[in-house]
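Me: I am new to this structure and would be grateful for a close look at a single part of it. Please describe the open sheet, and then the pockets and cavities.

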Amino acid sequence: MTDRQWDIIKRAAKCEKLDEIPVGMIVDSPWIPGYCGVSTIDFYTDRKTWMDCYKKIKADFPEAICLPDYWVEFGMASESGSFGCRTNFYDYQPACIQHLIEDVDDIEELELPDPDPETDGFMPIAINYYKHISAELKGTDEKIRMVAARGPLNIASFIMSVPEFCVAVKTNPDELHEILEKTTALVIKWLKAQMNVLDDVEGILVLDDICGFLGEADYLEFAHPYLKRIFDAFDVPVKMFHNDNFGNQYVTFPYIADLGINIFNFSNGADIVKARELLGDKVCILGNVAPRDILTAGTPEDVERAVFDQLDRYGSHSGLILSAGGGASPGMGYENYRAFIDACAKWNEAHKAG
């Protein structure tokens, strides 16, 4: 990310009034290999292929900010493998994680380790990637500004599956808290381990969709304190949270600011105006065009209409980075992403900040 792009992100995170609404997108291995015409395994394992993909995206869409940018990830496998979850890799789809237990009745038999990011799972491989990539970027106008991790509930859901996690909330709360203590500790250690090998990190991204399945009381017991512990552990100007699961509607929104985050990426199912009201004026929205139905399956004309609708209804140059309501979906092509960026530029030109 360039100095100029990072300055935009930091100002947006402060909900400053910007001259133009910026465009940013969470991009990772579900989208990048397919868009670039390479196999997922080559993207994961060949550093030249990985870097060539990022160069292509940046050349094709120079106006858009990749988030978190230069992200070394193995799908969902980076953290879960350190607890012993088996991982399957495929040429043309993201990695698949195998659960440690299939039935919540077996939760009492779990004996989870305390993983070390320096030695366990795929994390040390990612750290080594970062060492080489940061060296390659020296002398260019780009730096790695953010590091990312899957959230504690998300990792727990790979240990036991999403349905069994939700059952455990009611049947085995004590054991579930023990698991979340372990996964939360790992997230903090993993983010810090990445920061330790990079010189210019000023932001973190935590991705956890599982809290979107919980009602208010369960969210406050099983999600909020663990997420807050993670964000409180870092003194950086940008703290971003991704949860594009709208299963519990707006339950989490009133509590997002208390997490200490300042950029929130949520489901396109949420209304952008209502979201702004519930989030208050200290959290920047990263959204909120439908990634699958519009950006992937729609026409360029559909994309432009959706962009205009979101920006017209939002009606402000503060607290918004135009994006998908979620990350880039597999299959989103050049024409639609270009239409997305161009529509934002057209709206900015017609609505110059006063």
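Reply: The account below begins with the sheet and then turns to the spaces in the structure.

The model is predicted. Its open sheet consists of six strands in the order E5-E6-E7-E8-E9-E10, and the pairing is parallel. At the edges stand strand E5, residues 146–150, and strand E10, residues 320–324, each of which pairs on one side only. On average, neighbouring strands of this sheet are turned by 20° against each other, with direction ignored.

Within this sheet, the pair formed by E7 and E8 may be examined in detail. Strand E7 covers residues 238–243 and strand E8 covers residues 263–266; the two run parallel and are joined by four bridges. Phe241 has Phe264, in E8, as its bridge partner.

Strand E7 also contains Asn243. Is this residue buried or exposed? Asn243 counts as buried because its relative accessibility is 3%, and the cut-off for a buried residue is under 20%. A polar atom of the Asn243 side chain lies 3.2 Å from the backbone nitrogen of Asn245.

Both Asn243 and Asn245 belong to the lining of the second largest cavity, together with Phe246, Asn248, Gln249, Thr252, Phe253, Phe266 and Ser267. The space in this cavity is about 40 Å³. Its lining divides by class into three nonpolar residues, six polar residues and no charged ones.

The search of the whole structure finds three cavities of 30 Å³ or more. The largest cavity has a volume of about 50 Å³. Its lining is made up of Trp71, Val72, Glu73, Gly75, Ser78, Glu79, Ala148, Ala149, Arg150, Trp190 and Gln194. The elements that give two or more residues to this lining are helix H5 (77–80), strand E5 and helix H9 (173–196). With three residues, E5 gives the most; this strand is also one of the edge strands of the sheet described above. By class, the lining of the largest cavity comprises five nonpolar, three polar and three charged residues.

The pockets complete the account. The largest pocket holds about 450 Å³ of space. It is lined by 20 residues, and those closest to its centre are Arg4, Ile8, Glu20, Ile21 and Pro22. Two or more lining residues come from each of helix H1 (3–13) and helix H14 (334–350). The largest share, six residues, is given by H14. The classes represented in the lining of the largest pocket are nonpolar, with 10 residues, polar, with two, and charged, with eight.

In the second largest pocket there is about 380 Å³ of space. The lining of this pocket has 20 residues, and nearest its centre lie Asp28, Pro30, Met76, His242 and Asp244. Nine of the residues in the lining of the second largest pocket are nonpolar, five are polar and six are charged.

Note on methods. Residues numbered from 1 in each chain as written. Predicted model: local features only at pLDDT ≥ 70, side-chain atom pairs only at ≥ 80, totals over all residues. Heavy atoms only, no water. Pairing = 2+ DSSP bridges. Axes fitted to C-alpha atoms, helices over the stretch in contact; angles between N-to-C directions. 1 Å grid on protein atoms, 1.4 Å probe; cavity = no way out; pocket = protein on both sides within 12 Å on 5 of 7 lines; lining within 4 Å. Points joined across faces, edges and corners; volume = space filled by probe spheres on them. Nonpolar A, V, L, I, M, F, W, Y, C, P; charged D, E, K, R; others polar. Buried < 20%, exposed > 50% of the residue type's maximum accessible area, 1.4 Å probe, protein only. Polar contact = N/O pair within 3.5 Å; in protein donor to acceptor, adjacent residues only side chain to side chain.
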